[in-house]
Amino acid sequence: MAQVKTPMLIGRMAFSLNAILILHACFWISLALLMEGSIRLDVAEGIIGGPEWQISYLRHPPFSTWLTGLTWRFGSLRYFALFALGQILMLSGLVVIVRLLRKTDNEQGIWPVALAFLLLPFATYIPFQVNHNLGVTPFWALTLLVAWFAFEHGLKRHWVLFGLVVGLGVWAKYAIFHLVAPLGILFLCVPSWRAQLRTSGPWLATLVGLAIILPHLTDSQTKGASTISFALRAEGGSLPKRLAYMGEFAIDALLYNLLMLAIVCLLLGWSNVRAGVRRFIDNLPISRFDLFVAIAALGPIVLIMIFAPLGIRPRLLWLTPISMSFVLLWGRIANLAPQPLSLRKLNLWAPATLCLGLIYVIVRLVAPLTSNPPMYPDIDGPGLALMAQEKWNQSQPGPIPYIVSFGNQRGRQAAGSIAFDLPYRVKVLENNSTLDSPWINLEDVKRRGALVISTREIAPDELVAGQAIIAIERRQRPLRGGLKDPFGLIMGIVPAAKP
């Protein structure tokens with residue numbers, strides 16, 4: 001097969017990559033609008049807390065919560081805004097990594113890794129569940145970009161940007177330190193980089209980062225939020241169980257990279273990729289850029305694995321921002337391959353994307369028939385909101401002032417789903433929890449009443465704001481396609497206090 005010269009490929013890339021990213025986003029947003037019936041858990045938490053614009057919350061920093069909370073304000077376009085937000089957060093990270101590869105290396109590796117990334121979970125269906133891992137992804141990619149230029153060139157503007165990006169990344173999720181810590185160790189180990197400690201750059205970056213982080217940390221301590229302890233929480237279980245979690249995470253990271261390797265091999269050819277891997281490994285003395293790329297990809301994994309035996313359980317979605325480091329790694333390897341990508345291979349992207357979309361559609365069609373109980377993507381969210389409004393109208397007409405949830409996370413997800421699909425703003429609180437205390441006035445709850453949503457049985461003596469719950473009944477949640485949920489949802493009323 002004839003190969004296209006690199007300059008021609010670069011010219012084609014300048015126009016086509018943006019077009020493919022737009023097509024990719026439109027395709028997966030459209031599928032989500034067709035097949036996702038309601039919102040996921042992390043979105044529900046954002047809908048509950050985001051509109052309150054708190055600087056700190058009990059569990060996570062606020063950036064993602066603010067963004068998901070804003071999507072409700074798009075009214076009839078709220079689902080489009082939500083799914084578009086997920087794609088924007090993920091694809092913006094990819095754009096930054098592509099820019100880093102263009103600035104530091106030749107460009108032949110950009111197409112294979114970009115297309116490989118677009119065919120993997122973190123760019124397809126995972127962005128539907130907009131969460132804090134997705135929120136930190138653009139800052140992860142930006143940290144890689146500005147860290148390299150700060151380390152290598154040492155200009156003040158690069159160091160200021162480094163402090164700015166890391167500081168903002170903390171507002172998204174503390175996981176940004178999974179990247180910053182290994183890069184910081186690398187910086188101290190490279191003599192030419194370490195010498196910059198005698199300049200103002202690194203110290204200026206530290207001051208800028210602390211200045212940006214300080215308001216959030218101060219507010220967290222003032223309000224008693226537990227974002228830091230939540231991030232460092234240790235789960236119970238024996239050492240073998242913790243080691244099993246560590247092994248599971250390592251396998252997840254390995255499988256993701258094997259999938260990326262398989263797609264890059266399909267596009268470039270096995271012999272080409274094997275030659276690129278050999279050049280990357282055997283390139284001694286190793287270049288500073290190759291060392292930077294290796295630490296960016298492996299450092300966060302190693303750091304997470306070190307803390308796993310201590311009880312900090314790693315999870316699959318933690319790989320969401322780390323996938324940016326994997327793209328950088330495989331982009332560098334593809335750039336070391338002897339031959340560039342044949343433009344004919346680009347034709348594989350469209351049918352592969354359609355096949356993945358078909359698989360997703362089949363899964364979503366089958367899921368309501370097999371899930372026990374049905375998951376929230378299978379639930380008719382707007383229909384559930386209508387059911388909640390109908391229940392409230394049995395007590396008194398008008399908007400629901402408050403929703404009180406029972407049943408921990410599943411209860412909050414149900415309440416957040418209803419709040420997302422109601423046409424007016426309703427405040428949600430979890431019963432007997434301080435989670436929403438900064439913006440919930442229990443006296444006002446008692447005065448105006450509340451709708452109770454529960455995913456567990458409600459005990460006869462349970463109270464909300466000192467008031468008894470009345471009119472308790474189990475209702476079937478409406479599922480997509482007109483199906484019925486045999487497990488249902490328990491609803492009740494906290495009547496408004498008599499004047």
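Biologist: Is Trp53 buried, exposed or partly exposed?
Modeller: This model is predicted. Trp53 has a relative accessibility of 45%. Buried means under 20% and exposed means over 50%. Trp53 lies in between, so it counts as partly exposed.

Biologist: Where does Trp53 sit?
Modeller: Look past H2 along the chain. Helix H3 covers residues 63-71. Trp53 is in the loop between H2 and H3.

Biologist: What is the phi of Trp53?
Modeller: Most residues other than glycine have a negative phi. Trp53 is not a glycine, yet its phi is positive, at about 55 degrees.

Biologist: Asn408 also has a positive phi and is not a glycine. Which helix holds Asn408?
Modeller: The phi of Asn408 is about 55 degrees. At 56% relative accessibility, Asn408 counts as exposed. Its helix covers residues 408-421 and is H18.

Biologist: Is Arg332 buried or exposed?
Modeller: Arg332 is in helix H15, residues 319-335. Its neighbours include Leu101, Asp105, Phe280 and Phe289. The cut-off for buried is under 20%. Arg332 has a relative accessible area of 10%, so it is buried.

Biologist: Now to helix H10. How far does H10 reach from its first C-alpha to its last?
Modeller: H10 runs over residues 201-223, which makes 23 residues. At 1.5 Å a residue, 33 Å is expected. The reach is close to that, at 34 Å.

Biologist: Where does the kink in H10 lie?
Modeller: The kink is about 40 degrees. Pro215, a proline, comes shortly after it. The kink lies at Leu214.

Biologist: Which helices help to cover the buried residues of H10?
Modeller: The buried residues of H10 include Ala205, Gly209, Ile212, Ile213 and His216. An α-helix has 3.6 residues a turn, so residues three or four places apart point the same way. Among the elements that cover the buried residues of H10 are H7 (156-172), H8 (177-189) and H11 (227-231).

Biologist: How many cavities of 30 Å³ or more are there, and what is the volume of the largest?
Modeller: The structure holds 3 such cavities. The largest has a volume of about 160 Å³.

Biologist: Which helix gives the most to the lining of the largest cavity?
Modeller: The lining has 15 residues, and those closest to the centre are Glu45, Tyr57, Arg59, Thr65 and Arg412. It divides into 5 nonpolar, 5 polar and 5 charged residues. One helix, residues 41-49, gives 5 residues, and that helix is H2.

Notes. Residues numbered from 1 in each chain as written. Predicted model: local features only at pLDDT ≥ 70, side-chain atom pairs only at ≥ 80, totals over all residues. Heavy atoms only, no water. 1 Å grid on protein atoms, 1.4 Å probe; cavity = no way out; pocket = protein on both sides within 12 Å on 5 of 7 lines; lining within 4 Å. Points joined across faces, edges and corners; volume = space filled by probe spheres on them. Helix = DSSP H or I, 4+ residues; strand = E, 2+ residues; numbered from the N terminus. Nonpolar A, V, L, I, M, F, W, Y, C, P; charged D, E, K, R; others polar. Expected span 1.5 Å × (residues − 1). Bend = angle between axes of the 7 residues up to and from the residue. Buried < 20%, exposed > 50% of the residue type's maximum accessible area, 1.4 Å probe, protein only. Contact = heavy atoms within 4.5 Å.
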